[in-house]
Amino acid sequence: MTISPQTLSTDVAIVGAGPTALFAAFECGMLKLSCVLIDALDSIGGQCAALYPEKPIYDIPAHPSIEGGALIDALDKQIAPFDVPRLLGSRVETLTGHRGDFTLTTARGDTVKAKAVIIAAGAGAFGPNRPPLDGLEAYERTGAVQYYVKKRADFAGKTIVVAGGGDSALDWALSLSEVAEKIYLLHRRDRFRGAPETLSRIEEQIAAGRIEKVVPYQLHALHGTDGQLSAVEVTTLAGDSRHLEADTLLPFYGLSTDLGPIALWGLDTHRNTVPVTPATLESSTPGIFAIGDVATYPGKLKLILQGFSEGAMAVHAIHAIVHPDTALHFEYSTSKGVPG
């Protein structure tokens with residue numbers, strides 16, 4: 001279905017539609033600022049929805065555990081009273097103008113006039129770091145090699161090689177061990193990078209026989225026919241080799257990120273991030289703010305909960321741009337409720 005380009009005028013243009021962007025939209029609604037969400041993906045949720053909708057998240061306040069997709073659904077319900085317009089499936093290509101009068105255009109031809117801009121683009125354009133293995137593409141086409149887990153049920157009863165030593169590899173090894181026949185956890189060092197609680201749970205699953213730790217090995221080759229995987233060959237630096245019979249390889253070697261057009265908007269950038277003033281989240285360009293993973297400042301923590309806080313702070317700072325002659329008297333939501 002072809003979507004016709006739109007022309008919108010709003011107080012705040014929010015570039016991105018992940019969790020921090022959604023909460024920033026809620027804060028705009030609470031301060032009676034109009035806003036629009038713009039995202040290159042064709043649905044809201046950012047990485048939470050695109051990469052790990054069924055992955056548990058443990059550091060959201062009041063939720064001992066919540067899956068990425070469920071978090072996005074809850075945030076979507078939270079902004080429902082404000083009827084926030086969404087321009088999805090087309091990324092912002094150009095941003096021109098100045099504080100109080102910006103114009104954004106998308107690749108589809110949408111035009112948005114805004115008094116302030118919040119960049120909540122996460123890691124920017126992202127894609128997986130792919131292992132350098134011969135014949136990899138054939139296994140990717142059949143799903144024998146995957147970089148994201150959208151439905152745990154797809155891996156029920158399978159033997160899986162999970163490669164990587166960071167949080168994603170550890171979290172998915174734990175999660176999939178509940179449904180898979182066997183999990184091999186592969187890493188080039190006998191040391192993983194994860195929270196102490198996660199590492200403790202990994203050791204418990206290893207002791208129970210649900211996870212087999214394969215260290216210090218690294219990926220060497222894939223074996224199979226017509227993209228159907230039969231074994232993953234792994235080797236040590238000393239040349240020792242093992243063949244792990246498996247149905248699926250899940251390499252978690254991080255994401256390759258790129259700011260894309262954002263890098264051309266005249267903002268100061270640093271290693272695919274946008275430096276901001278911590279108190280307001282304003283970038284080097286007045287009127288343009290950045291929140292979430294794309295924003296950086298001393299002491300920054302890349303946590304969703306910090307992105308929520310940054311969204312609130314940025315929107316409060318933007319109120320003075322949209323209503324320069326009106327003092328903002330902050331009230332708790334328990335006192336004022338949701339604006340009608």
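Pro 216 sits in the loop between strand 12 and strand 13, and the bond leading into Pro 216 is a good place to start looking around this predicted model. Val 215 and Pro 216 are joined by a cis peptide bond, with omega at about -10°. That's worth a glance, because most peptide bonds are trans, and most residues other than glycine have a negative phi.

On the phi side, there are a couple of residues to check too. Ala 62 has a positive phi, near 75°, even though it isn't glycine. You'll find Ala 62 in the loop between strand 3 and strand 4 (66-67), and with a relative accessible area of 80% it counts as exposed. Asp 83 is another non-glycine with a positive phi, this one about 50°. Its place is the loop between helix 3 (68-79) and strand 5 (86-88), and Asp 83 is exposed as well, at 66% relative accessible area.

Now zoom out. The protein has 8 helices and 20 strands. How does its radius of gyration sit against that of a compact globule? For 340 residues, such a globule would come in near 20 Å, and the protein has 22 Å, so the two agree. Along the principal axes, the C-alpha atoms fill a box of roughly 70 × 40 × 40 Å. Of the 340 residues, 48% count as buried. As for contacts between residues at least 6 apart in sequence, 59% of them join residues at least 24 apart.

Back to the region after that cis bond. Strands 13, 14 and 15 make up an open sheet, in the order 13-14-15, with antiparallel pairing. Strand 13 (218-225) and strand 15 (241-245) are the edges, each pairing on one side only. From one strand to the next, the twist averages 25°. Strand 14 (residues 228-235) is joined to strand 15 by 5 bridges, and the two run antiparallel. If you want one specific pair to click on, Val 234 has Arg 242 in strand 15 as its bridge partner.

For a more enclosed element, try helix 5. Of the 10 residues in helix 5 (residues 167-176), 8 are buried, so the helix is largely enclosed by the rest of the structure. The buried set runs through Ala 169, Leu 170, Asp 171, Trp 172, Ala 173, Leu 174, Ser 175 and Leu 176. What do the buried residues of helix 5 pack against? Their partners are strand 10 (159-163), strand 11 (182-186), helix 6 (196-207), strand 12 (211-214) and strand 16 (248-251).

Trp 172 also turns up among the contacts of Tyr 52, along with Gln 47, Ile 57, Gly 68 and Val 149, once neighbours within four places in sequence are set aside. Tyr 52 lies in the loop between helix 2 (46-50) and strand 3 (56-57) and is partly exposed, at 21% relative accessibility. An unreviewed UniProt entry lists Tyr 52 under the feature "binding site", with other positions including Gln 47, Asp 39 and Phe 126.

Last stop: Thr 10, in strand 1 (residues 7-15). Is Thr 10 buried or exposed? At 8% relative accessibility, Thr 10 is buried. Its side chain reaches the backbone oxygen of Ser 34 at 3.2 Å, and a polar atom of that side chain lies 3.1 Å from the backbone nitrogen of Cys 35. Beyond neighbours within four places in sequence, Thr 10 touches Ser 34, Cys 35 and Val 36, plus Val 112, Lys 113, Ala 114 and Lys 115.

Notes. Residues numbered from 1 in each chain as written. Heavy atoms only, no water. Pairing = 2+ DSSP bridges. Helix = DSSP H or I, 4+ residues; strand = E, 2+ residues; numbered from the N terminus. Axes fitted to C-alpha atoms, helices over the stretch in contact; angles between N-to-C directions. Buried < 20%, exposed > 50% of the residue type's maximum accessible area, 1.4 Å probe, protein only. Polar contact = N/O pair within 3.5 Å; in protein donor to acceptor, adjacent residues only side chain to side chain. Contact = heavy atoms within 4.5 Å. UniProt positions renumbered as here; feature names shortened; annotations may be inferred. Rg over C-alpha atoms; globule rule 2.2 N^0.38 Å.
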